Amino acid sequence: GSPRAASPPGGASVSAIAGVFDRALVRPSAELLVAMRDVMVHRGPDDGGIVIAPGIGLAHRRLGSLEGSPAARQPLASEDQSLWVTSDGALHDSASVHEELRAAGRALRSQSDAEVLLHAYAQWGTEGMLRRLHGIFAFALWDARAQRLVLARDRLGGKPLYYAQLAERLYFASDLKGIWVAVRDRLGIDHEALDEFLHYFFVTQDRSIYREVKKVPPAGFIEVDRDGALAGSYWEIDYTRTERCDEREWLERCRRALRRVVERRMVDGARVGALLSGGLNSSLVVALMAEASPAPVKTFSVAFGGGACDETPRARRVAERLGAEHHELRVEPEVWDLLPELVWHYGEPFADPSGLASSLVARTARDEMKVALCGDGGDEVFAGHPSYAAVYRGERCWWVPRWMRERMLIALGHAAQARWPQSSLAARVKSLGDHLSGDPLRLLDRGMGWDTTRREALYTHEMRRLLDGWHPAAAQARHLAEGIWETPTDGWRLAVLKSLLPADCLVRIDVAGVMSAIEVRCPFLDAELIELTARIPSEVLLGPRTEPKAFLKQLAAQVLPGECLALPERPCALPIDAWMRGPWLGAVRRLLLSERAMARGYFRREAIDELLTQHARGVDQRHRIWSLLWLEVWHLMFVDGVLSPGDRLPLQ
């Protein structure tokens, strides 16, 4: 039979989706679908709907900020009820797809993105449809005639989509909690994902913290029917098509493209502002917004306790010079009280400390804005992070004998670390050897958090046994092996965009918006812009002096006032190191060394005690402690069930 709609159809731009496909054609219960949908109410607090038919149930929640009419409801059906879709996100340049569909004789009743998905699938099938779609989206489409479910994500993975195949049923949801609430008793911790989390401070797109739950990959789709599942990909970033233009031409092409993608994210009629850190990337976005907007741009920033963490003076100066209407939020160690809520919204371990900053700055905008643009992704797209410059220097030093530029330095680094474990110089020597090797895998192997030696010292014997033969960079190595690139610098650019960006930066941006009921958009993370920058030679992006942000600075000079460019830029480090030595010290120690935590069997008590002692004595271990703290709070909430998102962790 055809699905019965629980609400009128339409489309939405900020949403949560969930559902169940049963191969035995058993009808899922409404109670199950509502539970899966409503545990994600934070992703769509304004409205919800479900459809149910034999073997399928689809659910949807939406944020009414962008499409507030009753017609904006999903799941949406085709006119003959043979196709149903529930979608999250927004399509860009959908007008061209509209025109192509109308030219093919299809009558669209609205401008809804969801309706575009239905007609595009009917006209071109899964892959033909996806190759024509641009934007930030995830969707589930049910084909009643073929008894087929299609799950798909956008090219970069800007919208999340999880799934789990358990016996005859496949469950899917925008949020890991949507599956957790349905089958929590059947989920087990993936120890390899836990190791990956400590290595990177997040779980990559190749797995989830649960063994049974996977993520639909960026630019990926899965077709599921009664006979099985077919997975595929519809887009790749090609780093072999370098174009030899002069620098001025590249700057002009990138300026036009960046302005185009900024304007594209400002034209849906919603109240649009910007998250302004005061750094080069966000300042560049605000400058382009100011060029395109007849009214002052509203900007928002956050400060953490003053000092080196306070970028608000710089943000204030940039906003003033660009004629923006600026707003600020200052936070202190009361951030401790937000930790359960933060962990709840992420749904799985995520210890990149900038996630806290992103979530708090988004809160400054929620009463004023429905959409906020940000500068995230600029360093990844334009090779602005120091790691790109380091790999490029290694690439240019290939004339130096390999034993000298690689083996000798790495051997010296290992020896120095063994002799002086806390020496930053020893770590730098080893890092230099990794970079000069010219091998992007070396950087993936180094990770961002706990290196291999530290993780092995942290783990119990049983945990080491479970991880025998596993390395957390294995999936990223596979992506590199399968990717299209020529030079080591291009390989590193590909590795970041394919593996690290969707698992870290895009997750952080998505959750920041979800927590504040706004949509955060990233102009730098546009597939069209990325395809353009992939053709820029590394020497153009990094300049003759191999300087981080060399190209970005020249690009910004075309649109930013000179005094904004002259302002000193420094990375903002949250003062969690001071908080952990001060007001958080006792609470962190009690949590990490509790009997409950030790009984999990992951970590040695002596290793954690030594870590906390080192930090208290002045050896900076804040990020490693933060990762362990996050992991324990996550277990209290999602494994033990003794902590709720509205609870406060005891501080005294």
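## Helix α5 and its two ends

Just after helix α5, Phe 201 takes a positive phi of about 80°. This comes from a predicted model, so please read every value below as computed from predicted coordinates. At the other end, where α5 starts, a side-chain oxygen of Asp 190 comes to within 2.9 Å of the backbone nitrogen of Glu 192.

How many of the 10 residues of α5 are buried? Eight of them are, so this helix, residues 191-200, is largely enclosed by the rest of the structure. The buried residues are Ala 193, Leu 194, Asp 195, Glu 196, Phe 197, Leu 198, His 199 and Tyr 200. If you are following along in the viewer, a general point helps here: an α-helix has 3.6 residues a turn, so residues three or four places apart point the same way.

## The chain as a whole

Stepping back, the chain has 652 residues, and 60% of them count as buried. Its secondary structure comes to 29 helices and 20 strands.

Contacts in the chain with a separation of 6 or more can be sorted by distance along the sequence, and 73% of them join residues 24 or more positions apart. On the outside, the chain exposes about 25,000 Å², with 51% of that area supplied by carbon and sulfur atoms.

## Two more positive phi angles

Gln 147 is not a glycine, yet it has a positive phi of about 50°. You will find Gln 147 in the loop between β7 (135-143) and β8 (148-153). Gln 147 is partly exposed because its relative accessible area is 23%, and buried would mean under 20%.

Ala 219, also not a glycine, has a positive phi of about 60°. The loop that holds Ala 219 runs between β11 (213-215) and β12 (220-225). Is Ala 219 buried or exposed? Its relative accessibility is 2%, so Ala 219 counts as buried.

## Loop residues Lys 159 and Gln 81

Lys 159 sits in the loop between β8 and β9 (162-166). Lys 159 is a charged residue by class, and it counts as buried because its relative accessibility is 6%. Which residues are in contact with Lys 159, leaving aside its neighbours within four places in sequence? They are Asp 88, Gly 89, Ile 136, Phe 137, Ala 138, Arg 153, Asp 154 and Asp 510.

Gln 81 belongs to another loop, the one between β5 (76-77) and β6 (83-91). With a relative accessible area of 30%, Gln 81 is partly exposed. Gln 81 and Ala 144 are 63 residues apart along the chain, and their C-alpha atoms are separated by 8.2 Å.

## Ser 516 in helix α20

Ser 516 has its place in helix α20. A relative accessibility of 4% is why Ser 516 counts as buried. Setting aside residues up to four places away in sequence, Ser 516 touches Ser 359, Ala 362, Arg 363 and Arg 366.

Two of these partners come with distances. Ala 362 is 154 residues from Ser 516 in sequence, but the two are 6.2 Å apart in space, C-alpha to C-alpha. For Arg 363, the side chain of Ser 516 reaches the backbone nitrogen at 3.3 Å.

## Cavities inside the model

Rolling a probe the size of a water molecule over the atoms shows where empty space is left. In this model the count is four cavities of 30 Å³ or more. The largest cavity has a volume of about 280 Å³. It is lined by 26 residues, and the closest to its centre are Pro 160, Tyr 162, Tyr 346, Val 507 and Val 511. Two elements, α9 (339-346) and α20 (505-516), each give two or more residues to this lining, and α20 gives the most, with five. By class, the lining of the largest cavity divides into 14 nonpolar, five polar and seven charged residues.

The second largest cavity holds about 90 Å³ of space. Its lining includes Leu 592, Arg 600, Tyr 602, Phe 603 and His 635. Which helix gives the largest share of this lining? Helix α29 (residues 622-638) does, with four residues. The lining of the second largest cavity has seven nonpolar, two polar and two charged residues.

Key: Residues are numbered from 1 along each chain as its sequence is written. This is a predicted model: local features need pLDDT of at least 70, side-chain atom pairs count only at pLDDT 80 or more; totals for chains, interfaces and linings use all residues. Side-chain values use heavy atoms; hydrogens and water are left out. On a 1 Å grid over the protein atoms alone, a cavity is a set of points where a 1.4 Å probe fits but cannot get out, and a pocket is an open set with protein on both sides within 12 Å along at least five of seven lines; lining residues have an atom within 4 Å of a point. Grid points are joined across faces, edges and corners, and a volume is the space filled by probe spheres set on the points. Buried means under 20% relative accessible area, exposed over 50%, partly exposed in between (1.4 Å probe, protein chains only). Contact means heavy atoms within 4.5 Å. Accessible areas come from the Shrake-Rupley method with a 1.4 Å probe; for residues, only the protein chains shown count as cover. A polar contact is a pair of N or O atoms within 3.5 Å; within protein, one must be able to donate a hydrogen and the other to accept it, and residues adjacent in sequence count only if both atoms are side-chain atoms.
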